[in-house]
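Student: Please take a close look at the aromatic contacts in this model, starting from a single ring. I would then like to follow the account outward to the sheets and helices.

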Amino acid sequence: MSERLRVAVLKGGRSLERQVSLASGARVEDALERLGHEIVGIDVGHDLVERLTAAKPDVAFVALHGRDGEDGTVQELLEVLGIPYTGSGVSACIRCADKVLSKHAMRDEGIATPEFLSFNETAFKELGAADALPAIEEHLGFPLVVKPADQGSSLGIKFAPDAAAVPSALVAAFSYSSKVLLERYVDGRDLAVSILGDEPLPVVEAVLLDREVYDFEARYTIGQTRFECPAEVSDETTRTAQELAVAVHRLLGCSGFSRVDLLCDRATGELVVLEANAVPGLTETSLLPQAADAAGIGFDALVERVVRLALE
Amino acid sequence: MTIEEDDQRTSRRRRSSSSRDLERYAGLFAERTKVMTSSAMRDLMAITERPEVISLAGGLPDTSTFPVESFREIMEDIAQESLARALQYGPTEGHAAIYECIATVMAQEGTRVDADDLIVTTGGQQVIDLVCKTFIDPGDVIVAEAPTYPGAISSFNAYQADVVQIEVDADGMRIDLFEEALERLDREGRRPKFVYTIPTFQNPAGVTMSLPRRKRLVEVARERELLLLEDNPYGLLRYEGDPLPTLRSLEGGDFVISLGTFSKILSPGIRLGWAAAPRPVLQKLNMGKQGADLCSSSLSQVFVAAYFAHGSWTEYLDALKELYRRRRDTMLDALAEHLPPEARWTRPEGGLFIWATLPEELDTTDLLARALSHNVAFVPGRGAYLDGRGAASMRLNFSGSSDDDIREGVRRIGEVVREQLDLYRTLTGHRPAAPAADPAPPAEDPDLADVLELPRRERSARRREQG
């Protein structure tokens, strides 16, 4: 292969997705070891800068999910320290991590995404937004999808079947974030297109076996979801999905790798984009590694590629 | 084969899973593992271990108070006198020396057992697992309390039991609802394999089954030849009030399997518990245990026997009781000060836990996410039910934190609860809601309204009248 690198693998951290990140990080470390690189595994905490300064890595592999790891915070630190790092830069991370920002960008660009409104807590506490709920509900319909604006792994997503359920759904979502997204529900198949470098990988579909929603349990428990990769959709749908994903990846300024989540409307076949993820999961049940595998890129090769892209 | 080929073979073997591999394993997993899921709650719970988080979520006894000198002396004795035995395999049913200790502990609560009634296990948890293994065929009915010990739920699920949960109130399991459930099951041509109950200072609810209900439960068990699994880890951790007889001592032993453990009165790390059961049941438990782990730790058993021989186990227990009683009182005061008036909570006379219930608009699983950002944690109530109930409740542990941490932790919880309640009211356009304590609460809600209001004296008097 090529020269041996010292790679700092950043994982763990303080977000609610810490455990997912530890799993991603562990797999990445295994791969890097097999590839012959020197690894410095760091469960990020208050001594992160100290440890990075001491380690002097050639590159940092960011395997952090959620707050501080995927939203530009750690990326900013790495910029200041002058350490090359995997994945997207600060501004792209900021845009991806905030679903509201990314949806506005998509909408302004004419990329199809479910209709939405967003509010922060103060809108309700100070501006009487509660009085606008009936109008909001009329506009977006039921079931109403309520999500924290900046949470991953489907944490905090609620589906309110009627007006009476909306306040609880909002309170629940506000437990995870100070900003909440209200979205029109789309009954669709869950598709994911991962981007590696600048190229789309095969489309993956998450087919739920025993439940209705691709929630946390479905994502991370082996056996709860069947993954179709490549997804059983028409060639045209595949092409469109991939084009959309690449467009979103570029629009938000992503680099290295990303994963764009879409829904394919069961009734109309129309594709809508939900969000883009700047640090896709790399666990046993994650979608990016499966897509890479379907494209003939094994996990080790995937990790190597991502590291090399960081150094370009 | 060359070295390179060997290396390649090794690296191929260690290659990580592709989606094909995933499917291969998923296709092999037994049916029973389908209910063994990871959960968002479990991952959130892992975050509660961070040092800056005040965790009221644990079930940990305070092992930092174990007398260091005693430990040193005991280990030295073992090194001199019984090291070979301590390091060797032992009999599946346990070392004879420890039966005396178990009998001593049970006698402290007025329950008699003989050595032949006993099997030593690796923690009380193993008893639950072995009882499930012995009795449950997939689809069999068992009865448990609502809420119940979350650790038992995973065992029940692993053996694919059909669990019927019966509500508790301030006096423990609602025996009237239990009998109704039995009648309903009769009509369906089904009967429970056993009833799982934690009658004293229940984990998680903190409540204790009253004497009349204990008597009735035992009566029903005899009438219908139903087995009761009496889980009693906290019976000796009583801080006030009068001890109640165990189900076993009321019933006599034909229909009660007693589960005991050294975890809360000595040490959880030694992994030592026991079951007292009718002989035929004991035999099956023994065979199940052989398949599970051959025998429990000899080292632990030798340690416990020596510890009891030293004679100071009741002193340590008394010290623990004093410590926990203070902490319980601190938590009760803090709850009264910081939780909104609509919240209710149990007032346990012993044990390690308080169960608090918030207005049902709030979901404590989601609330935990917000609580974590305020650096406090609790156990959301959902985990104590199999059917989605408990969403507005939480379990709070007082044994594992200092008084200062308890006060500060409850203050933070109160802050989070108040914030979310205020938000809810803003969203629904209500001003502060009416107190949730309805004089005639619907059947599903535990009737905990009277717990706070009755002074202790009256409750003991009431018990004496009924007893």
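**From one ring outward**

Tutor: A:Phe159 has a relative accessibility of 35%, and because that value falls between the 20% limit for buried and the 50% limit for exposed, the residue counts as partly exposed. The model is a predicted one, and every value here should be read with that in mind. A:Tyr185 is likewise partly exposed, with a relative accessible area of 34%.

Across all chains, the count of aromatic pairs comes to 18. In one of them the ring centres of A:Phe159 and A:Tyr185 lie 6.0 Å apart and the ring planes meet at 85°, so this pair is edge-to-face. A:Phe159 belongs to strand β6 (residues 158-160) of chain A, while A:Tyr185 sits in the loop between β7 (179-184) and β8 (188-196) of chain A, so the contact ties together parts that are 26 residues apart in sequence.

In chain B, B:Phe71 and B:Phe303 make a tilted aromatic pair, with 5.5 Å from centre to centre and 50° between the planes. This pair links distant parts of the chain, since B:Phe71 is in helix α4 (residues 68-81) of chain B and B:Phe303 is in helix α13 (residues 298-310) of chain B, 232 residues apart. B:Phe71 is partly exposed at 39% relative accessibility, whereas B:Phe303 is buried at 7%. Both residues also belong to a cluster linked by ring pairs, whose other members are B:Phe66, B:Phe262, B:Trp274, B:Tyr307, B:Phe308, B:Trp313 and B:Tyr316.

One member of that cluster, B:Trp274, leads to the sheet of chain B through strand β9 (273-276). The sheet is open and mixed in its pairing, with eight strands in the order β2-β9-β8-β7-β6-β3-β4-β5 (chain B). Its edges are β2 and β5 (172-173) of chain B, each of which has a single partner strand, so one side of each lacks a neighbour in the sheet. Strands β2(B) and β9(B) run antiparallel and are joined by four bridges, and B:Thr121 stands opposite B:Gly273 in β9(B).

Two helices can be followed against this sheet. Helix α12(B) packs on it through contacts with β2, β8 and β9 of chain B, and its direction makes about 25° with that of β2(B). Helix α7(B) lies across β2, β6 (194-197), β7 (227-231), β8 and β9 of chain B and runs at about 155° to β8(B). The buried residues of α12(B) are B:Val281, B:Leu282, B:Leu285, B:Asn286, B:Gly288 and B:Lys289, and they pack against α7 (123-135) of chain B as well as against β2, β8 and β9 of that chain. Helix α12 (residues 279-293) of chain B has 15 residues and reaches 21 Å from its first C-alpha to its last, close to the 21 Å expected. Just after this helix, B:Leu294 takes a positive phi of about 70°.

Returning to chain A, a ring is also met by a charge, for A:Arg27 lies over the face of A:Phe299, at 4.2 Å from the ring centre. Chain A also has an open sheet of three strands with parallel pairing, in the order β2-β1-β3. There, β1 (residues 6-11) and β3 of chain A pair over four bridges, and A:Val9 stands opposite A:Phe61 in β3(A).

Definitions and conventions. Residues are numbered from 1 along each chain as its sequence is written. Chains are lettered from A and ligands numbered from 1 in the order in which they are written. This is a predicted model: local features need pLDDT of at least 70, side-chain atom pairs count only at pLDDT 80 or more; totals for chains, interfaces and linings use all residues. Side-chain values use heavy atoms; hydrogens and water are left out. The expected span of a helix is 1.5 Å times one less than its number of residues. Buried means under 20% relative accessible area, exposed over 50%, partly exposed in between (1.4 Å probe, protein chains only). Contact means heavy atoms within 4.5 Å. Two strands pair if DSSP finds at least two bridges between them. Axes are lines fitted to C-alpha atoms, for helices over the stretch in contact, and angles run from 0 to 180 degrees between N-to-C directions. Rings of Phe, Tyr and Trp (its six-membered ring) pair if their centres lie within 6.5 Å; planes under 30 degrees apart count as stacked, over 60 as edge-to-face and the rest as tilted. A charge sits over a ring if NZ of Lys or CZ of Arg is within 6 Å of the ring centre and within 35 degrees of the ring normal.
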